[in-house]
Amino acid sequence: MFKRIVCLTCALAVYLGTPLLHELDVRGTAAFAAEDGEKPKPETRRIPAMSEATYKKLSEAQELVEAKDFAGAKQVLNDMLKRRDRMNGNEVGQVFNMLGFVYFSEEKYGEAINAYKEVLAQGENIPEGLEVQTLYTLAQLSFVNENYQQALDYMRQWQQRADNPGPDPHIFMGQVYYQMENFPAATEQIERGIALAKERQIPVKEQWLALLNFLYYEQEKWPKVLETLETLVTRFPKRQYWVQLAGIHAQLGNEKESLWTYEAADVGGYLTEQGDLTNYAGTLMQASQYWRAARVLERGIQEKIIERTDETLLQLGQAWQLAQETKKAIPVLEEAAKLSDEGTIYERLASLYLDSDNNEACVKAADGALDKGGLRQEQTVFLVKGMCLSNMGERNQAREAFVECRTIARREDDDSNRRICQQWITYLDNEEKREQELQRAAAQL
C-alpha cells in the first residue's frame, strides 16, 4: 500500500530543487560566496596584459549584454575573435569567457560549453581564479546538458584547485550521481556535503535532506529513511514528509508509530488530501479504534476533503458498523449502495437489517444486491433473504430463496452453505407438515 510512497508522493523537483547553476555576472564568471575563513589564492602566474583596444571592445560587448542585446554582443565578440592572432592568451580567454556567458543567457548550453572550453585552452595565460571558476561553470553546464560523466570530471578538477570548498560541490556531485542512477555514490556525496555544512555551521537545506531521504529509500535503508524523515518533519514540517513518515512506519509494520505520526500530523493540520485521511482512518481501524476512524472519515466528507463516493461511504459505514453504531452505519451504507455499480454494499446492508430485525428492509436490500450483481457469493444473499422472509412468516417465498441458495452452492461446490440452506428447507418443510397435522387434528375435534 505504501510501497512507493516516498518516491511517488514527492516530485523529484523537490529533491533537485537546489540551484544547479550559480548566477553568472555579465562577464560570464561564476560568482561564489566565500566560506568563513576562506582566502583567495595569491596570483602566481604572470598574466599577459590586456591592450586598451581589447578592453574597449569588451566594454562595448558588456554594455550590449547588460542591455540584453545578445546578438549585438556576439557580433562584437566574434569580430574580435576573427583577429585573435593579434591578441594574447589572456585577451582571447576573456573574449570566450564573455561569449560563453552570452550563450548561457540564450540557453544554448552546448555552445556555452564550447566557449568555456576555449577559456581553459588558454592555459596559464589566464588568471587562476578565472580558470578555477570556469571549471565549476563547465561542470554545471555539462550537468544541464546531460553529460554527467563530464560534469563529474570537471568538478573533480575544480575540487583539486579550489580553496577550502564548502558543501555545495558535494551536493552537486550527489545530484549528478543520482541522475546516473549510482545511488550509493550519490548517497556518499550528499552525506559528505551535509556533514561539512554541519561542521561549518552552515544551514542544511531541505532539498539536500529530501534527496538523501529518496536515496536511502531506493536502497531500502529503512532506519536511515526514518531518521531523515524525522529530521524533515521537525525542521521543515510539510504534508508530504508527515505522510511519508507514517507510510514508511506502516510499511515496516510499526503500526503504533504509524498511528502516532498520523495523529501528530492531523493535530498540526497537515492531512489535507483525501488519501491522507482515508489512510489515517484505515490505520485507526487496524488499531480497533473504529469510532475514531468513523469520525475522521465523517469530518473529511463534511469538509469536502474526502469525495462522497460509494467507496468512501462504504469505509465510513464499515467503521460505524464495527463501532457498533448500527443506526449511523445504515443510512451511510444505503447511500453508498445506491452509488455503487455492484451489489456488495446491499449485501452488507441485508445482513445488518437481519441483525437488527428489520426484515422488510433486509429483503429489499437482498433484492438490490441480486439485481446489481457483482457478488462474491450469491448464495449467501439468498440465504439471508430466506431467513428474513422466514422471520416475516413468508414460508413459501423463504423456501424458494433457500432452494436457490442450495442450487448455487452445489454449482459452486460450497458445501457449507449447501448444508445450511438444506437445513432451512428441511426446517420449513417440517413446519409445514406440523401445521398441516395440527389443522387435521383441529378439524377432527
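Leu259 sits in helix α14 of this predicted model. With a relative accessible area of 7%, Leu259 is buried, because the cut-off for that label is under 20%. Which residues does Leu259 touch, leaving aside its neighbours within four places in sequence? They are Tyr280, Thr283, Leu284, Ala287 and Gln289. As for Gly247, 12 residues separate it from Leu259 in sequence, and the two C-alpha atoms are 9.7 Å apart in space.

## The helix around Leu259

Let us widen the view to the helix itself. Helix α14 runs over residues 255-267, and its 13 residues should span 18 Å at 1.5 Å a residue. The C-alpha atoms at its ends are 18 Å apart, in agreement with that expectation.

Leu259 has company on the buried side: Ser258, Thr261, Tyr262, Ala265 and Asp266 are also buried residues of α14. Looking down the axis of α14, you would find its buried residues within an arc of 160 degrees, so they line one face of the helix. Some general background helps here. An α-helix has 3.6 residues a turn, so residues three or four places apart point the same way.

And what lies on the other side of α14? There, Lys256, Trp260 and Val267 are exposed. The cover over the buried residues of α14 includes three helices: α13 (239-251), α15 (274-286) and α16 (290-302). After α14 comes Gly269, which has a positive phi, near 80 degrees.

## Rings that pair up

Aromatic rings are another good thing to look for on a tour of this model. Across the whole structure, a search finds 13 aromatic pairs. Two of them are set out here.

| Pair | Arrangement | Centre to centre | Angle between planes |
|---|---|---|---|
| Tyr178 and Phe214 | edge-to-face | 5.5 Å | 80 degrees |
| Phe402 and Trp424 | stacked | 5.0 Å | 15 degrees |

Tyr178 belongs to helix α9 (residues 168-179) and Phe214 to helix α11 (residues 206-218), so their pair ties together parts that are 36 residues apart in sequence. Tyr178 counts as buried at 8% relative accessibility, and Phe214 is buried too, with a relative accessible area of 6%.

The pair of Phe402 and Trp424 links distant parts of the chain, 22 residues apart: Phe402 is in helix α22 (residues 395-411), and Trp424 is in helix α23 (residues 415-444). Is each of these rings buried or partly exposed? Phe402 is buried, with a relative accessible area of 0%, whereas Trp424 is partly exposed at 21%.

Elsewhere, ring pairs join Phe101, Phe104 and Tyr109 into a cluster.

## The core and the whole protein

In soluble globular proteins, nonpolar side chains tend to be buried together. In this model, the largest nonpolar core has 129 residues. Leu77, Phe172 and Leu349 have the most contacts inside that core. Not counting residues up to four places away in sequence, Leu349 touches Ile330, Leu333, Glu334, Ala337 and Ala365.

Stepping back to the full picture, the protein has 23 helices and zero strands. Of its 445 residues, 46% are buried. Among contacts between residues at least 6 apart in sequence, 57% join residues at least 24 apart. The accessible surface of the protein comes to about 23200 Å², and carbon and sulfur atoms account for 46% of that area.

Note on methods
Residues numbered from 1 in each chain as written. Predicted model: local features only at pLDDT ≥ 70, side-chain atom pairs only at ≥ 80, totals over all residues. Heavy atoms only, no water. Helix = DSSP H or I, 4+ residues; strand = E, 2+ residues; numbered from the N terminus. Expected span 1.5 Å × (residues − 1). Buried < 20%, exposed > 50% of the residue type's maximum accessible area, 1.4 Å probe, protein only. Arc of directions from axis to C-beta. Contact = heavy atoms within 4.5 Å. Phe/Tyr/Trp six-rings, centres within 6.5 Å; stacked < 30°, edge-to-face > 60°. Core = buried A, V, L, I, M, F, W, Y, C linked by side-chain atoms within 4.5 Å. Areas by Shrake-Rupley, 256 points an atom, 1.4 Å probe, with all protein chains shown as cover.
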